[in-house]
Structure formats: structure tokens, C-alpha cells
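Reader: I'd like to go through this model and ask where its labels come from. Could you show it to me before we start?

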Amino acid sequence: MAEQNPTSPVRPAFQLELQDLDLVDNALATQNKETTPVHSLEIGTRPTPFGAGGPIRLASQASTPPRSVVGIGGKVAKPDYSEAKIVLAMVGLPARGKSYLSNKLMRYLQWLEYDVKVFNVGQLRRSRAKQKKEQSGVKEDHTASYFSHNNVEATRLRDALAEDSLEMLINWLKAGGNVGIHDATNSTRARRAKIEARVAKEKGIVVIFLESVCDDPAIIAANVALKVSSGDPDYKDTSPEDAKRDFIRRIKEYEAVYETITEPHLSYLRITNVGNQATACRIHGYLQSRIAFYLMNLHLKPRSIFFSRHGESQFNVEGKIGGDSPLSERGLRYASALPDLIKDNIGDAPLTVWTSTLQRTIQTGQHLSYTKLTWKSLDELDAGVCDGMTYEEIEQAYPEDFANRDEDKFNYRYRGGESYRDVVIRLEPVIMELERQDNILIIGHQAILRCLYAYFHNLPQADLPYIKIPLHTVIKLTPKAYGCDEERYTLPIGAVDTHRPKPKAPQPEVKAYSGREYYDGNA
Ligand code: F6P
């Protein structure tokens with residue numbers, strides 16, 4: 001899987017000039033501008049959707065999937081990912097979406113239970129400068145001139161910071177981490193060669209470079225606007241006007257020395273305009289391919305993701321879990337009311353509806369006149385021998401199992417059925433396809449929607465099985481640069497409450513956050 005290797009360094013096609021500040025001013029609004037994701041992949045064809053043509057594999061190498069989870073009717077251990085050790089070194093000019101990609105990738109891999117950490121060199125620079133100021137009273141100047149390659153002393157300092165950050169990352173991997181993301185510009189061949197040489201000394205650790213290229217002025221302007229408006233500590237005491245001016249100068253300093261990746265021997269991925277185009281070179285094995293495939297599927301096109309559970313079912317009314325029962329009379333009313341709610345929300349915009357293969361979700365979508373797809377992967381968590389029973393019946397018949405589940409719900413697998421972890425694993429293709437899609441309405445089930453919701457809001461695993469997803473409520477998620485905004489619409493049609501809180505524990509607080517997080521000082 002190699003691409004052509006031009007011999008001379010390629011300069012970025014688009015350079016943002018100071019006069020482009022207007023663009024930046026409008027950028028957050030402009031971010032909503034329609035951009036058509038092409039998803040062309042130089043190494044192959046456009047990815048086929050899961051469920052339609054099956055997943056494509058990026059690597060020609062045989063894959064090495066993690067050992068599958070084992071055990072039935074009890075707590076099941078996490079898959080063993082201890083062999084996975086990757087340094088993912090970002091490459092790219094400032095404002096080219098490196099932090100966006102790192103953040104998305106981190107959330108995705110964490111949801112899949114990999115141990116992932118971002119080592120942000122900018123953050124290390126700031127915390128070291130703070131220490132220096134406290135100790136010696138000297139304040140380092142971190143305006144654009146600090147980033148000039150003509151500034152020999154600052155260049156030396158910046159190189160040292162990148163190296164220190166890499167050391168921390170490697171130590172963290174050795175202590176058990178899986179994927180350490182080196183979030184820096186790493187924009188010259190010399191810098192990349194140093195990273196490569198350092199990682200080569202570590203047995204069992206590999207390095208992949210992830211270059212984020214962006215030549216769409218609207219995306220660059222949006223990224224600049226985000227940088228100066230999202231509380232970036234570099235510009236905490238600077239007016240937005242001065243911040244914009246300085247940041248654009250900083251970009252120009254980097255442009256002067258930037259070398260896109262052309263080193264033929266490196267393992268790398270190049271993503272252009274967040275998912276419009278992808279190049280993969282020397283990507284091997286299961287986890288690397290997964291990372292590549294995920295990044296290829298991302299796009300920035302504005303869209304909404306709607307989640308709704310099926311209308312109230314007959315089993316819901318009887319307090320029974322699982323099964324394949326039809327809707328209750330109130331559930332049917334919800335199904336009839338759903339089209340107006342959706343139409344009020346998105347007007348004539350296109351929408352695709354996904355349901356499970358169970359009749360309660362299909363019935364709920366019956367009056368919606370959009371393209372519909374049924375997914376086996378969206379079927380409710382399989383309760384195995386407990387399918388069709390009430391919680392009280394389960395407690396009587398399998399008291400130990402019942403207690404085990406209450407103690408550690410995510411890890412508990414029903415006898416002959418599934419755990420929440422099993423569901424997360426089976427939903428991975430759904431997430432992959434969701435990232436690729438435009439407006440989507442998923443009509444699903446309680447456990448399934450909890451897992452999907454936790455992915456979009458980056459919620460901890462222990463809280464996931466207790467997330468409240470009530471019946472007769474549509475949850476609308478709007479992806480933003482660093483998270484999702486959320487709105488909930490509850491229709492005034494009564495329904496039973498199927499939520500069973502964790503005994504003797506407070507309901508976890510769900511914090512929907514869509515702002516950028518600045519990593520703490522040790523990163
Ligand atoms: O009660 C409705 C339901 O969808 C069941 O079919 C399913 O077993 C259950 O919710 C999942 O929720 P929990 O994991 O809280 O039991």
C-alpha cells in the first residue's frame with residue numbers, strides 16, 4: 001500500500017493571508033457551509049458501507065484481532081490489548097485540524113477500550129514557561145516570532161519540548177498505554193526522522209505519522225476562529241483581533257519550512273480536508289487499519305443525528321425484557337406522531353432511518369417516508385436465558401447473576417446472551433458508518449442507544465449502562481468541533497419507565513460538552 005513518492009517537498013497549496021481575516025470572522029458560521037465529502041482513497045475505492053458490501057480492509061497483511069471475550073453468565077474480562085503500542089505522531093500546519101482528528105480518534109478508541117492519551121506539545125510549552133516564570137521571573141515570548149525557524153534559540157527549545165513530550169509518551173506506553181498521540185506540528189523531515197529513530201529503539205512500539213492537510217479556506221478559517229475563540233491559553237490576555245493576527249503570522253512561520261510527508265519508508269496516513277481524501281502508506285495489522293479506516297470516514301459536513309427508542313412495546317408494558325413484541329396502543333400513537341416531529345426539525349432535508357430487525361423498531365418507523373435500512377447490529381442487547389422475563393423473575397431464578405449485574409453492569413454477560421461490552425463491539429461498524437453519513441435517525445433500543453450515546457458524549461464506561469434514554473423521546477445530537485450539542489423532544493404520549501437505576505448509587509450526571517479541552521500540564 002504505497003503511494004507515489006515525489007522527491008521534492010510539496011508546499012501547502014493554500015496559505016492564509018492577513019487580509020483573509022474576514023474569512024476567520026465568519027468562520028464559525030461558515031463551518032456550516034456545505035462541503036461535499038468525497039472520501040476518495042488513493043489506495044482503493046470509496047469505502048463500501050458496512051451492512052451493504054461489508055467492511056474494506058486497508059492492510060494487505062493478515063489482521064490480528066484481539067482475543068475475543070470469554071465466559072458466560074458472569075463478569076467478562078476486557079479483551080487483552082496489551083500488545084498494541086502505537087505512537088501516532090501528528091503532522092501538519094497550525095489550524096489544519098490536527099487536534100480535531102486527535103480528539104475524535106481518542107474518543108473512538110477509548111470507547112473501544114483502548115488506553116489512549118494525547119501528548120500536546122503546546123501544553124507542555126505553556127506549562128514549562130509558567131514554571132520558568134515562577135522560578136526566575138522571566139516571561140517567555142510565545143508570539144509568532146517564537147515559532148520562526150530564524151529564531152535559533154526558540155527552535156532549539158521547541159525541538160527539546162517535542163523530544164521531552166515523546167519521552168513522556170513512550171514511558172506512558174511502556175506503563176501499559178496503547179496509543180499515544182504526539183500532538184505537535186512535526187512538520188519537517190528532520191523532526192520526523194528524530195521521532196522515527198527514537199521509537200525504533202523501543203521493542204514492540206511502532207510509529208505512524210498522521211498528516212492533516214487542509215486547503216479549504218473555509219475550514220482553515222474556521223479552525224483559526226476556533227483557536228482564538230475557544231479560550232486557548234496562548235491568547236488568554238490578547239484581544240481577538242490581535243490573537244487572529246498573531247496566529248496567522250505563526251502559521252506563516254511554519255509554512256516557510258513545512259515539508260509534507262514524502263519519506264517512502266515511513267508508516268503514515270495523510271488526511272485531506274478531514275476525510276475528503278486519504279492516503280495510507282505502510283499501514284499494517286488490525287489496530288492500524290482500524291485507525292486508518294475510522295479517519296477516512298470522518299467529515300465536517302453539518303448534520304444531525306437523531307436517536308429514538310421504539311414506541312412503547314407490549315413487553316415494556318408487562319415489564320419484560322428482550323423479545324420481539326409489537327407496539328402497545330400508546331407505542332403505535334408515538335409511531336404516528338414521529339413523522340411530524342422529525343419534519344418540524346429538519347424540514348425537507350434528506351434523512352435516512354435506521355432500525356433494528358425487531359418489529360417494535362420497524363413499526364415505529366412505519367409512517368416515516370425516508371429511506372430506511374434495517375441493521376441486525378442494532379438489535380437489543382441479547383438477554384440470553386433471561387429473554388422474556390421481568391427483572392423480578394430474573395432475581396428469583398438467578399439471584400447471583402442478578403446481583404453480579406447490579407455490581408458491574410458493563411462487564412456482566414447474560415447466560416447465553418450479551419454484555420454491554422459485547423454490544424459496543426458489535427456496534428463498531430455502526431459507528432463507522434454513522435461517521436460517514438449525513439442526517440440519520442436511529443430507531444433503536446435502550447441498551448443500544450446508551451452505547452451510541454456514550455460514544456458521542458465520551459461518557460465513562462461505568463456510567464454507560466445507566467444513561468437515561470426514555471421512551472417517546474427524540475434525542476437530537478449536533479456534532480461540533482470538540483463534541484456534540486444536544487436537544488431532547490418528548491412527545492406527550494405516556495409510556496412506562498423502563499429505566500432501572502443502579503441500586504444504592506446516585507444516577508450519574510451526564511455532562512454534554514462540545515468545547516475544546518486543553519490537556520493538563522503533564523501532557
Ligand atoms: O426494558 C427494555 C429493554 O430494552 C430490554 O429489552 C433490555 O434487556 C433492557 O431494556 C436493557 O436495559 P438494562 O441493561 O438496563 O437492563
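What follows is a chat about how some of the labels in this predicted model are reached.

Reader: Let's start with the overall picture. What makes up the chain in terms of helices and strands?

Author: There are 16 helices and 15 strands in the chain. Of its 523 residues, 56% are buried. The chain exposes about 22300 Å², and carbon and sulfur atoms supply 51% of that. Also, among contacts between residues at least 6 apart in sequence, 75% join residues at least 24 apart.

Reader: And how confident is the predictor, going by the mean pLDDT of the chain?

Author: The mean is 84, and 83% of the residues reach 70 or more. Over residues 1-16, though, pLDDT is below 50, and this stretch has 46 contacts in the model beyond near neighbours in sequence. Residues 27-72 also stay under 50, with 103 contacts beyond four places in sequence. Where pLDDT is low, the predicted coordinates should not be read in detail.

Reader: Fine. Why is T390 called buried?

Author: Its relative accessible area is 11%, and buried means under 20%, so T390 qualifies as buried. T390 sits in the loop between β11 (371-374) and α13 (391-397). Leaving out residues up to four places away in sequence, T390 touches E318, G319 and K320.

Reader: Then why is P460 called partly exposed?

Author: P460 has a relative accessible area of 44%. The partly exposed class runs between the 20% limit for buried and the 50% limit for exposed, so P460 belongs in that class. P460 is in the loop between α16 (446-457) and β14 (473-480). As for long-range pairs, P460 and Q110 are 350 residues apart in sequence, while their C-alpha atoms are 9.3 Å apart in space.

Reader: What about S304, why does that count as buried?

Author: S304 has 10% relative accessibility; with the cut-off at under 20%, S304 is therefore buried. Its place is the loop between α9 (285-297) and β9 (305-309). Outside its neighbours within four places in sequence, S304 is in contact with D438, N439, I440, K476, L477 and T478.

Reader: And in a helix? Why does V423 count as buried?

Author: V423 is at 0% relative accessibility, and anything under 20% is buried, so that label holds for V423. The helix here is α15 (residues 420-436). V423 touches L381, E418, I448 and C451, not counting residues up to four places away in sequence. V423 and L452 are 29 residues apart in sequence, with a C-alpha to C-alpha distance of 9.9 Å.

Reader: Now the backbone. What makes the phi of E113 worth a comment?

Author: Most residues other than glycine have a negative phi. E113 is not a glycine, yet its phi is positive, about 80 degrees. E113 lies in the loop between α3 (98-111) and β4 (116-120). At 10% relative accessibility, E113 is buried.

Reader: What is the phi of N186, and why is N186 called buried?

Author: N186 has a positive phi of about 35 degrees, and it is not a glycine either. Its relative accessible area is 0%, and the buried class is under 20%, so N186 is buried. N186 is in the loop between β5 (179-183) and α6 (189-200).

Reader: On to the ligand. Which residues surround the ligand?

Author: The surrounding residues are R309, N316, I321, G322, E380, Y391, R405, K409, Y420, Q446, R450 and T498. By class, that shell has three nonpolar, four polar and five charged residues.

Reader: How do you know that R405 makes a polar contact with an oxygen atom of the ligand?

Author: A polar side-chain atom of R405 is 2.7 Å from a ligand oxygen. A polar contact needs N or O atoms within 3.5 Å, so the R405 pair makes the cut. For Q446, an N or O atom in the side chain is 2.9 Å from an oxygen atom of the ligand. R450 also has a polar side-chain atom 2.9 Å from a ligand oxygen.

Reader: And how much of the accessible area of the ligand does the protein cover?

Author: The ligand has 400 Å² on its own, and the protein covers 98% of that.

Conventions
Residues numbered from 1 in each chain as written. Heavy atoms only, no water. Helix = DSSP H or I, 4+ residues; strand = E, 2+ residues; numbered from the N terminus. Buried < 20%, exposed > 50% of the residue type's maximum accessible area, 1.4 Å probe, protein only. Contact = heavy atoms within 4.5 Å. Near = heavy atom within 4 Å. Polar contact = N/O pair within 3.5 Å; in protein donor to acceptor, adjacent residues only side chain to side chain. Areas by Shrake-Rupley, 256 points an atom, 1.4 Å probe, with all protein chains shown as cover. Nonpolar A, V, L, I, M, F, W, Y, C, P; charged D, E, K, R; others polar. pLDDT = per-residue confidence, 0-100.
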